[in-house]
Amino acid sequence: MAPPVTRSPGPRATGRLSPVSSDSSRWLRPSTTVPSGPTPSPTPVDTVNVGGFIVARSIGDQLGRMLAAAQGAGLSLGGSGYRDVNVQIDLRRQHCGTTDYDIWLKPASQCSPPTAIPGRSMHEKGLAIDITCSGVLIRDRASPCFAWLAANAAGFGFYNLPSEPWHWSTNGN
C-alpha cells in the first residue's frame, strides 16, 4: 500500500536574490540582510507529504509508488525532501564556511559534504530527497537500500547524484 499523500502549504515568495552594491567586499546575497534576518524563499512550491517526505506535488505520486515498492522489498526508506532557502543557507554555513563568498559563490564541490548554492538546490524546488535506510543516512553504495535504489529508482523517475549516495532527484542533480 502506498504511503498517504497529504497537502502541505508551500512557502510564499516575498523576496529575491540579488547582487549587493558595488562594494567589492560584498558578494551575491539576498535582498534581506544575512545572517541577521531570514531570507525569503524566491519561489513558492506546492508541496505534499508522502510517507513523511515533503516534496513538490508534481512528484508525490511517483515517490509514493517508489516507497511502496521499497517497502514491498522489505526496505524501510525515510528521509527528507523540500527545504526552503533559509535552511539551504544554514547548510552552506555548516558545510562551506560563514563568509558571504562561502555561502553565495564557493563551488558546491569545495564544501564538505558538497552543498548547493542557495537558489540552486533541487531540494528548494521540492524535487530532491535525501534518503535514510532504516533510519540511517545512506552514505555507502554497499547499503542494501542504495543497491535497491540503483536498480529501481529510475523506473520511478529518481536519479542519484554520484557524489552523494543519499541524494536522489528528478534529474540527478
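**Core, disulfides and selected residues of the chain**

Trp-168 counts as buried, since its relative accessibility is 3%. This value, like those that follow, comes from a predicted model. Trp-168 takes part in an aromatic pair, and the structure holds one such pair. Its partner is Phe-146; the ring centres lie 5.7 Å from each other and the planes make an angle of 50°, which gives a tilted arrangement. Because Phe-146 belongs to helix H4 and Trp-168 to strand S10, the pair ties together parts of the chain that are 22 residues apart in sequence. Phe-146 is buried as well, with a relative accessible area of 9%, which is under the 20% limit for a buried residue.

The chain contains four helices and ten strands. In sequence order these elements give the pattern β-β-β-β-β-α-β-α-α-β-β-α-β-β. The chain has 173 residues, and 45% of them count as buried. Its accessible surface amounts to about 8,700 Å², with 54% of this area belonging to carbon and sulfur atoms. When contacts between residues at least 6 apart in sequence are considered, 61% of them join residues at least 24 apart.

The largest nonpolar core comprises 30 residues, and those with the most contacts inside it are Leu-63, Met-66, Ile-129, Leu-149 and Phe-158. Two or more residues of this core come from each of strands S4 (47–50), S5 (53–56), S7 (128–133) and S10 (164–169), and likewise from helices H1 (60–72) and H4 (144–152). For Leu-149, with residues up to four places away in sequence left out, the residues touched are Met-66, Leu-77, Ile-131, Ile-138 and Trp-168. Trp-168, the aromatic partner of Phe-146, is thus also in contact with Leu-149.

Two disulfides are present in the structure. With bonded cysteines counted along the chain, their pattern is 1-2, 3-4. One disulfide is formed by Cys-96 and Cys-111, with an S to S distance of 2.0 Å. Cys-96 is placed in helix H2 (residues 85–96) and Cys-111 in the loop between H3 and S7, so that distant parts of the chain, 15 residues apart, are linked. The torsion about this S-S bond is about 110°, and the disulfide is therefore right-handed. Both Cys-96 and Cys-111 are buried.

The other disulfide connects Cys-133 and Cys-145, again with 2.0 Å from S to S. Since Cys-133 is part of strand S7 and Cys-145 part of helix H4, this pair ties together parts that are twelve residues apart in sequence. The link is right-handed, with 65° about the S-S bond. Cys-133 counts as buried because its relative accessibility is 14%, and Cys-145 is buried with a relative accessible area of 0%.

Lys-106 is located in the loop between helix H3 (100–104) and S7. Its relative accessibility is 14%, so this lysine counts as buried. Apart from neighbours within four places in sequence, Lys-106 is in contact with Arg-92, Cys-96, Tyr-101, Cys-111 and Ile-117. Cys-96 and Cys-111, both in this list, are the cysteines joined by a disulfide. The side chain of Lys-106 also forms a polar contact of 3.2 Å with the side chain of Asp-102.

Asp-46 lies in the loop between strand S3 (29–30) and S4. Its relative accessibility of 36% makes Asp-46 partly exposed, as the value falls between the 20% limit for buried and the 50% limit for exposed residues. Asp-46 and Gly-126 are 80 residues apart along the chain, and their C-alpha atoms are separated by 8.4 Å.

Asn-171 belongs to the segment after S10. With 41% relative accessibility, Asn-171 counts as partly exposed. Its contacts, leaving aside neighbours within four places in sequence, are with Met-122 and Tyr-159. Asn-171 and Tyr-159 are twelve residues apart in sequence, with a C-alpha to C-alpha distance of 6.1 Å. The side chain of Asn-171 makes a polar contact of 3.2 Å with the side chain of Ser-169. The Asn-171 side chain also reaches the backbone nitrogen of Asn-173, at 2.8 Å.

Definitions and conventions
Residues are numbered from 1 along each chain as its sequence is written. This is a predicted model: local features need pLDDT of at least 70, side-chain atom pairs count only at pLDDT 80 or more; totals for chains, interfaces and linings use all residues. Side-chain values use heavy atoms; hydrogens and water are left out. A nonpolar core is a set of buried Ala, Val, Leu, Ile, Met, Phe, Trp, Tyr and Cys residues joined through side-chain atoms within 4.5 Å. Buried means under 20% relative accessible area, exposed over 50%, partly exposed in between (1.4 Å probe, protein chains only). Contact means heavy atoms within 4.5 Å. Accessible areas come from the Shrake-Rupley method with a 1.4 Å probe; for residues, only the protein chains shown count as cover. A polar contact is a pair of N or O atoms within 3.5 Å; within protein, one must be able to donate a hydrogen and the other to accept it, and residues adjacent in sequence count only if both atoms are side-chain atoms. A disulfide is a pair of cysteine sulfur atoms within 2.5 Å. Rings of Phe, Tyr and Trp (its six-membered ring) pair if their centres lie within 6.5 Å; planes under 30 degrees apart count as stacked, over 60 as edge-to-face and the rest as tilted.
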